[in-house]
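Please open the structure in your viewer and keep the selection tool at hand. This tour proceeds stop by stop, stating at each one what to select and what is found there.

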Amino acid sequence: MAVSGEYDKAQNFHLGLYAEYGLSRRRVLGFELGHTDVGETTAMIWYQKSLDGGQGPYRLSYSMGFGAIRRDGEILPLSQAAVMLGRGFSDPWDGGWMTAEARVKVAGKTEEITVRDGLTQVEYAYLTPEIVGKLDLTLGIRPTPAWAIVNQLRLETRKDSDFQAKLASSVVYDIPGPARLEMGLVAPLAGPSEPAIKIGTWLEF
């Protein structure tokens with residue numbers, strides 16, 4: 001289970017709660033809850049399954065999730081599909097990992113149109129899809145068993161906004177016990193965004 005937050009100097013923020021439970025060696029059930037400064041709240045339950053047989057250095061899996069988003073007082077449907085590819089390595093130092101995750105998220109969006117029928121105006125509301133594509137490339141290295149350095153390139157594209165690219169760099173420390181602490185910075189590379197501070201912690205049990 002993980003709790004994280006990102007804040008920038010324009011007072012934009014995102015808070016997230018992430019939890020997962022291993023149903024078996026190859027199947028995972030997860031839950032995500034998010035909230036932003038503009039008042040959007042999302043909740044999603046997802047299922048992930050490994051597609052490899054556990055042999056070789058690479059790991060391939062897919063996931064599908066369904067939930068809802070609360071926006072401007074409306075509760076709208078939300079869905080997601082993702083494919084993940086990763087591998088671990090034992091050198092240098094205490095090893096590390098590399099992952100690539102491609103996601104497509106589809107959220108409901110209400111659009112209103114006004115049609116004139118004689119002297120009468122009639123308003124219609126339609127539920128249309130809002131599609132967001134994301135690609136996260138992550139490299140993690142452990143200089144020591146207790147410390148990890150994580151760099152993540154985040155790419156995002158959507159129909160109604162400019163392409164965005166961010167680099168999130170953080171350090172992770174294994175606190176004695178089941179907890180870990182993460183602190184870092186998120187730097188914008190392309191698109192409308194501000195530098196942000198990232199703080200997070202998670203528990204393993």
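Begin by selecting Arg-87 and Tyr-58: Arg-87 lies over the face of Tyr-58, at 5.0 Å from the ring centre. Please bear in mind throughout that this is a predicted model. While aromatic residues are on display, one may add that the structure holds 3 aromatic pairs. In general, such a pair of rings is described by the distance of the centres and the angle of the planes.

Next, select Ser-63, which is found in strand 5. Is Ser-63 buried or exposed? Ser-63 counts as buried, because its relative accessibility is 6%, and the cut-off for buried is under 20%. Now display its surroundings. Leaving out residues up to four places away in sequence, Ser-63 touches Tyr-47, Gln-48, Gln-80, Ala-81, Ala-82 and Met-84.

Move then to the loop between strand 4 (41-50) and strand 5 (58-71), and select Gly-53 there. Gly-53 is exposed, because its relative accessible area is 65%, and exposed requires a value over 50%. Add Tyr-7 to the selection and draw a line between the two C-alpha atoms. The residues are 46 places apart along the chain, and these atoms are separated by 40 Å.

The following stop is Glu-130, in strand 8 (residues 120-144). With a relative accessibility of 13%, Glu-130 counts as buried. Which residues are in contact with Glu-130, apart from its neighbours within four places in sequence? They are Arg-71, Lys-105, Val-106, Ala-107, Lys-109 and Asp-160. Select Arg-71 from this list: a polar contact of 3.0 Å joins its side chain to that of Glu-130.

Continue to strand 10 (residues 161-174) and strand 11 (residues 179-190), which run antiparallel and are joined by 10 bridges. To see the pairing at one position, select Val-172, which stands opposite Glu-182 in strand 11. The two strands form a hairpin with 4 residues between them. In the turn, select Gly-177, which has a positive phi of about 110°.

Finally, follow strand 11 onward to strand 12 (residues 196-203). How many bridges pair strand 11 with strand 12? There are 8 bridges, and the pairing is antiparallel. Select Met-183 and Ile-199: Met-183 stands opposite Ile-199 in strand 12. Strand 11 and strand 12 also form a hairpin, with 5 residues between them. Gly-191, in the turn, has a positive phi of about 90°. As a closing exercise, trace the side chains along a strand: in a regular strand they alternate between the two faces of the sheet.

Key:
Residues are numbered from 1 along each chain as its sequence is written. This is a predicted model: local features need pLDDT of at least 70, side-chain atom pairs count only at pLDDT 80 or more; totals for chains, interfaces and linings use all residues. Side-chain values use heavy atoms; hydrogens and water are left out. Two strands pair if DSSP finds at least two bridges between them. Buried means under 20% relative accessible area, exposed over 50%, partly exposed in between (1.4 Å probe, protein chains only). A polar contact is a pair of N or O atoms within 3.5 Å; within protein, one must be able to donate a hydrogen and the other to accept it, and residues adjacent in sequence count only if both atoms are side-chain atoms. Contact means heavy atoms within 4.5 Å. Rings of Phe, Tyr and Trp (its six-membered ring) pair if their centres lie within 6.5 Å; planes under 30 degrees apart count as stacked, over 60 as edge-to-face and the rest as tilted. A charge sits over a ring if NZ of Lys or CZ of Arg is within 6 Å of the ring centre and within 35 degrees of the ring normal.
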